[in-house]
Every structure is written in structure tokens, then in C-alpha cells.
Amino acid sequence: MIQKWRSRKEGETFRRSVFVKLLLSFMCILMIPVVIGALLYGRMEQALIDNAYESNQALLQQTRLTVDSRMNEVDQLTAQIAFDPMLQMFLYEENNRSNINNYTYIELIKNLKRYRTLSPFIDDYFVYLKESDRIVTTTIRTDMETFFRYINEYQNRSINEISEMLSSYHLRTYLPSEPIQYDQMRRNMITSISSLPMGDDSEVRGSLVVMIDEAQLLGQLRKSDHRETDFYIFGSDGQVLSTTAQHADALGGIVPKFRGGQGNFAATIGNNEMMISYTKSSQNNWTYVSVIPKPIVLAKVHETKTLAMLLVLLCMAGGLAVAYYLAYKNHRPIRELIHAILQGKNMTGIQIRNEFAFIKNELLSSIVEEKQMRGKISQQKPVIQSDFISRLMKGYVDTAKLTDKDYLFMDVSLPHPHYGVVLLQIDDCHNFIQDDSEREWTLMRFILINLSNELLQSNGYAIEMERDRVGILLNVAEPSAEEGNELDRVLKAIKSQMESKFRTSITVAVSGMKADLEQIAVAYGEAVTALEYKLLREQRDIMYYDSVKNAEHHYFYYSLETEAQLMNYAKSGDYGSVAKVLDHVFEINFQTRSISPEMGKCLFSELISTVLKLFNALGMDEKPFFDGESDPFKYMARIGSTEKMSEALKRLYGSICEKVAGERSDHSDVLAAKIRQYIENHFASNELSLTTIADHIGLNPSYLSTFYKKQSGHNVTEYITALRMKEAKALLSDSDLTVTQIALKVGFASDIGLIRVFKKAEGVTPGKYREILQNNGHDNEAVL
């Protein structure tokens, strides 16, 4: 099913590579700050526009206050002149010509001059007397036609238009700015007209005209803003009184938008986006308007935006490169994993279109295989457990290196503090088995093992040892094995049930209890020793080692298992373990019990026979080890005591272990010499490296480096550098080659590498070293 799923997935049209997904993921992460920056930029642009509107409003408010103050001066001047007594006399008694003469006109002129202020806004003012059609200024009296034709000439209005306008009713009426020829100068003026008498619209007798200098008014506006801003002042009737723009009618279509006391809005004027702010004066109902091109306000923003876009593009390009690199780097382990899977499973020629699916598929397959393997291991657990316990009892396991995981894997639990060994020897089972076949004996051992495990419960493990023997590794809380305790009752129950139910007689041998796991091998030897007493005791007895170890012996103890232990330890070069076994043999035979001299000689013969077996197995000549004696048994006969015999055996085994260890050491010396020889032959090549040496020798570079450092005391690179320095100094003293040539000859890619290494090693540069040699003679230096 998995294979079918794999084939269907591999046939998909589109590739969904992990690399592409990683790249897209990193690009999405990259886009997050870009999008946030764009949003912030939009907010910043709007904030700048709002700030510009606020700034414009502040400028307009300031201008409005200033202009209102100046217009207030105009209103005060108008009121003072309008209610002047002399002017009132002219207005109401002008028909009475007898009261008005040249002198009264002079008095009126003086009075008008007296009201002249220092306000820069008010350029001039005059009074028009309707009845006499006269114009009275602060300096002259003349008729209307002469005044408006030669003295104060309006460029855009006729005399009739002016006469008609002055003869009609006005109350603080302001005319739009227009050019006036005045004192031989042409200036733009805003004209303020108030009918006389002021506030009386029933009969207009004259008008007071105040001339306001537009340049002074616009100057206030221009001083308040140095940007390319156009200002407009609209009167209460919506006409443009004054403007800094070239065309006064440019805002004609947006005047209706000036609602309320103030406001801001954007509009398009002549294909140009404009930012418009306005405020109205409550004093004269004028509207002050500022118009600024939006690009001017956003010029810095656009400049910053261009720079930001350029930086964003650069960052995007760099980010894409980094995203590609990170995607490639993060995809590399996946690619290597897939490559390892393909190589490990010998899957060639397979096109992988979906890497995730492939890895998932192979992982599922591995899980299935692991489950199958675990099932097989589970089936073999009894075999694994039996082998482990057997090796543990015979002393073939280094108990100091065992971990909880090892015990868990072997399915062995030893929770109690005391250990021992029980051997169950099948003496007679002909009443149970039908023939002497392996099948029958296997069934017999199976019955004995299961019965033992059932009765012992968690206090031990029963395993096969030999064809007619079962061993039990005990783990109990009791510190001793003796008749009458719980263990004795269990062992007697095993023996009794085997005899009653299966008509089989067995011998039970029990070792002494040990408090240390490392002494299990000793306990096994004790159980073997106890089992040897079955010929001296009745069949119903259980052989306890503690009960027989002090008995008088007429034979020695040296079992086949003990001999096997000695030979295995010697072949592995483990002299410490050999010495322990020998001490145990001598302790059992000569300290814990006594044997006859004849038995002692037999024991010594057996021990020497073991040594001869080792010499033969290892291909060693035994003659140098027996003090020139050709017959080893004659050499044994010359030894006078058990202590000397123990020392001699230890000396022989020490020589054997030393030879075994020496053969291993000789191999290391040969390998180290081979490495040195290769370096000495190739140090002049700049391609020489730890990798090339490892490839030549056939070792892993890391292992080679560690091995050589352990053998020689210095690493490979130090040895290469020392050889190159030695050759470089020889060439510097005995040749005319340049430093560059010498660098190439001794294995450096350039003179820079030689100079750096040489100065670090010698404290001077190669050139300085040659100069010193030439000045002081050649130094005979010891070089590594």
C-alpha cells in the first residue's frame, strides 16, 4: 500500500520542493517589514499633510489677526473723519455758499491732515462732496474729473463709474485691488468707501475714500510663509480683494466650499493638486485663503520615498539573496537525508517530486521495519537474556560499564543487594524421556527452567548451561545461602517436583552469596566446586559451597571454566583479570582448604599446561620463558613453594599479556611511521593537508589527527610546518632564491603564508633572517 501511494505521489505533475517552501517562507518573513514600512509611510504622508494644514491654519490665523488689526485702524480713521465737525458743516451747509469759502476749505484740509496716521496700510484718503462735486484730500481741493484724471487715476474704471459709485450708499465697502496711477507711480490699491453721513442711506451727501496699499497687505502674507504659497483675500461679497497669485479668478469654482469659520480641503486647479486652507474674519467677514501645491508639501516626502524605494529594492535584493541562502542552508540537511536514504536503500534512478512525502513515506516504512525488528527481537529476548546471564556468570561481562539501558534491553532486573549462582545438574531422566535425542533433552531443560522461574519468581533467572545442566542467577535479599531459609525451601521444592512429577533426579549446587555484581563469576566457580561434591553426598542433599569449602580435600580445584577464563583474559592482554583468577585458584586450593602435595603437583601441572596452550595458540616460543629449561615440567619441579609458583605463573602470564599488548603497540608505531614518511615525502607540495594524508593512509581525518597527536605528542599541522621551516631556513642560508621562490619550493601557495608562519616561529621575517645570517654567519639551530 505504501509503495502504491509512493508511485502515485511521484507521478504528480507539479514539484512541491521543500526548498521552494522554505524560500517562500523566508520571502514572506522578508515582506512583513516591507508591508509594515509601506503602511507606516502612508501614515507618515497623511501626518505630513495634516501637519501642513495645521501650519497653514496657524499662518492664516496670524495673518487674519494682523490684517483685522489694521482694518480696525481703517475703521477708526473712517469714524473719526466721518464725524469731524468741519466735515459735518460741509455736508449740511454746502448749499449755503455764503458760509463756505476758501478759508473753510483750508480748515477742512487741515482737519483731514490731522487724522493722518503712521499706519503703513493706509496710503491716503480723501472726501468726495457730492453737492459741489469736489474732492478734498489732505493737501488739495479739486474737482472730480481733475482728481481722477490727473492725480489719482484708476486704470480699470472710468470717471463716470467712479462718480456713480461715490454717489451711491456704501458702508465700509471694499473694492478689489486694482492699479492706480498715483504720484507718478502705479500701485495696486484696495479702496474702502463709506457714504457720508455715515449710516444714513436716505440721502448720500458724499463719500469718504480710504486707499489701502496692497503691497503692505500682501507683505504680511508673504512674510508668514516662504513656500510657493498663493494667498487670497475674499471680501464679504465673495470677490477677490487681493491675491499673490497671477490670476485672481483661479479659485472661482471652489468659493462655495468656504463654509464655516475655517477649513481645509484638497482640490485640483488647472490639472494641479492643491492643498487649500481658509479662515474667516468675524470682524469684516473677509475670507483668508492659502493655496499651496501638494507636491511642494510632499517634496521631501517624495524624495524620501524615492530613497526609501531604492533602499527597499536593495533590501529586497539582499533579502532575496539571504532568503535563498537560508533556504539552501536549511534545505541541505533534508537533501543530505534524502541522499542518505537513497544510498542506504540502494534506490537509484528515482525522481522525487515531493520531498516531504518521500521522507514521510520512508519514515513510515522505517517505523514498520522497526516494529517488525522489535517483534523479532521480542521473540529472541529469551535467547538474548540467556546468553547475557551465561556470560555474566562466567565473568565475560564488564559489569562496571553496564547501564540501566543495558539491563532493560536484556530484560534483566536485579533489584536485591545479594547475588549467587545455582547449578541444577540432571542426573537421571530415563524414566521421563523416551529416547536420548536432542529434542527430548531440550524439553527436559525447558521443564526445569520454567519450574525454576515459577518457584523463584523475581529472585532469579534460570538459563541453559549445558546439555544436562541448568544455571540460575540468584538475586535475593538474604545475605547467605544455607539450609532452612527461604531459598533452601524453594530449591528443595524444585528438586522434589522434578522427582515426583517428572521422575527426574537432579543435583543442586549453591554458591555463597556475594554483595558485589563483579563477584558473580566467583560465585559461579563456587557453584561448580560445590557440584563436584555430588559423588560424596547423598542425592537428596543440596550442595552448599559454604558447607563444603572448609572440608579436607584430597583433590584440587581447577575447573575447565576457570581455565577458559584465564586463556580469554590472557589473549585479550588483560593481566589484571588474569592475576585475580590466579589468586582465586591459589586461595581456594591452599588457603581456604588444604590439599596434599601430590594434588598440588597435579594442580601445577594443569596450570603449566594452560600456559603451554597459550604459547601454542599465540605462536610464541616457550623456551626463553623457562630459564633455559627445555622441559617446562622440570622447570616446575625446581619451584619450591606455592608462593614462588604463583609468582612464576604471574610472570609467565605477564609476558604473554605484554606480547599481546606489544603487538597492538607495534601496529600503532608502524602506522605512525607511515604517516611521518608520507609527510616527509610530500611536505613541499601546497596540496598537502590532513585530508590528503587521511585519503592516502585510508583513515578518517579526525581519527588520524587524534591518533597521530597521541603517538607523537604534536599534531600533523605542526609537523608539516616544522619540516617546511627547516627547509626554508636551509634555502635562505645556502641559496640565492627569492622569498617567493623559497615559499613555493617548501609548500606555501605564496610568500605571504611563508612570511606569516616564519615570523611566528622565528620572531623575524625570512628576509631579516637571511640578512642576519649574512652579517653574523650561519646559525646551527636545532630544528624539529
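These exercises work through salt bridges, strands, aromatic rings and a surface patch in a predicted model.

**Exercise 1. Salt bridges in helix 13**

Task: Find which residues Arg489 and Lys495 bridge to, and place each pair along helix 13.

Solution:
- Step 1. Start with Arg489. Its salt bridge partner is Glu486, and the closest N and O atoms are 2.7 Å apart.
- Step 2. Check the spacing. Arg489 and Glu486 are three residues apart in helix 13 (residues 486–501), so about one helical turn separates them.
- Step 3. Check the exposure. Arg489 is partly exposed at 47% relative accessible area. Glu486 is partly exposed too, at 41%.
- Step 4. Move to Lys495. Its side chain meets that of Glu499 in a salt bridge of 3.7 Å, N to O. The cut-off for a salt bridge is 4 Å, so this pair counts.
- Step 5. Check the spacing again. Lys495 and Glu499 are four residues apart in helix 13, and about one helical turn lies between them.
- Step 6. Compare the two ends. Lys495 is buried, at 4% relative accessibility, whereas Glu499 is partly exposed, at 38%.

**Exercise 2. A further bridge**

Task: Which residue forms a salt bridge with Arg205, and how far apart are the closest N and O atoms?

Solution:
- Step 1. The partner is Glu203, with the closest N and O atoms 3.2 Å apart.
- Step 2. Glu203 has a relative accessible area of 40%, so it is partly exposed.
- Step 3. Put the pair in context. The structure holds 20 salt bridges.

**Exercise 3. The neighbours of strand 16**

Task: Which strand runs antiparallel to strand 16, and which runs parallel to it?

Solution:
- Step 1. Strand 13 (residues 418–428) is the antiparallel partner, joined to strand 16 by six bridges. Here Asp428 stands opposite Ser505 of strand 16.
- Step 2. Strand 17 (residues 542–544) is the parallel partner, with three bridges to strand 16. Val508 has Ile542 in strand 17 as its bridge partner.
- Step 3. Look at the cover. Five of the six residues of strand 16 (residues 505–510) are buried, so the rest of the structure largely encloses this strand.

**Exercise 4. Two faces and a hairpin**

Task: Sort the residues of strand 10 by face, then find how it connects to strand 11.

Solution:
- Step 1. Recall the general pattern. In a regular strand, side chains alternate between the two faces of the sheet.
- Step 2. Sort strand 10 (residues 262–269). Gly263, Phe265, Ala267 and Ile269 make up the covered face. Gln262, Asn264, Ala266 and Thr268 make up the uncovered one.
- Step 3. Pair it. Eight bridges join strand 10 to strand 11 (residues 272–280) in the antiparallel sense. Thr268 stands opposite Glu273 of strand 11.
- Step 4. Trace the turn. The two strands form a hairpin with two residues between them. Gly270 in this turn has a positive phi of about 60 degrees.
- Step 5. Follow Phe265. It belongs to an aromatic cluster with Tyr232, Phe234, Phe258 and Tyr278.

**Exercise 5. Rings, charges and a patch**

Task: How many aromatic pairs are found, which rings lie under Arg114 and Arg141, and which leucines form a nonpolar surface patch?

Solution:
- Step 1. The whole structure has 16 aromatic pairs.
- Step 2. The charged end of Arg114 sits over the Tyr115 ring, 5.2 Å from its centre. Arg141 lies over the face of Tyr105, 4.1 Å from the ring centre.
- Step 3. The patch consists of Leu307, Leu310, Leu311 and Leu314, which together have about 390 Å² of accessible area.
- Step 4. Take Leu310. It is found in helix 9 (residues 299–344), and it is partly exposed at 47% relative accessible area.

Note on methods:
Residues numbered from 1 in each chain as written. Predicted model: local features only at pLDDT ≥ 70, side-chain atom pairs only at ≥ 80, totals over all residues. Heavy atoms only, no water. Phe/Tyr/Trp six-rings, centres within 6.5 Å; stacked < 30°, edge-to-face > 60°. Lys NZ or Arg CZ within 6 Å of the ring centre and 35° of its normal. Patch = residues over 30% accessible without salt bridge, like charges linked within 9 Å, V, L, I, M, F, W, Y side chains within 5 Å. Areas by Shrake-Rupley, 256 points an atom, 1.4 Å probe, with all protein chains shown as cover. Buried < 20%, exposed > 50% of the residue type's maximum accessible area, 1.4 Å probe, protein only. Pairing = 2+ DSSP bridges.
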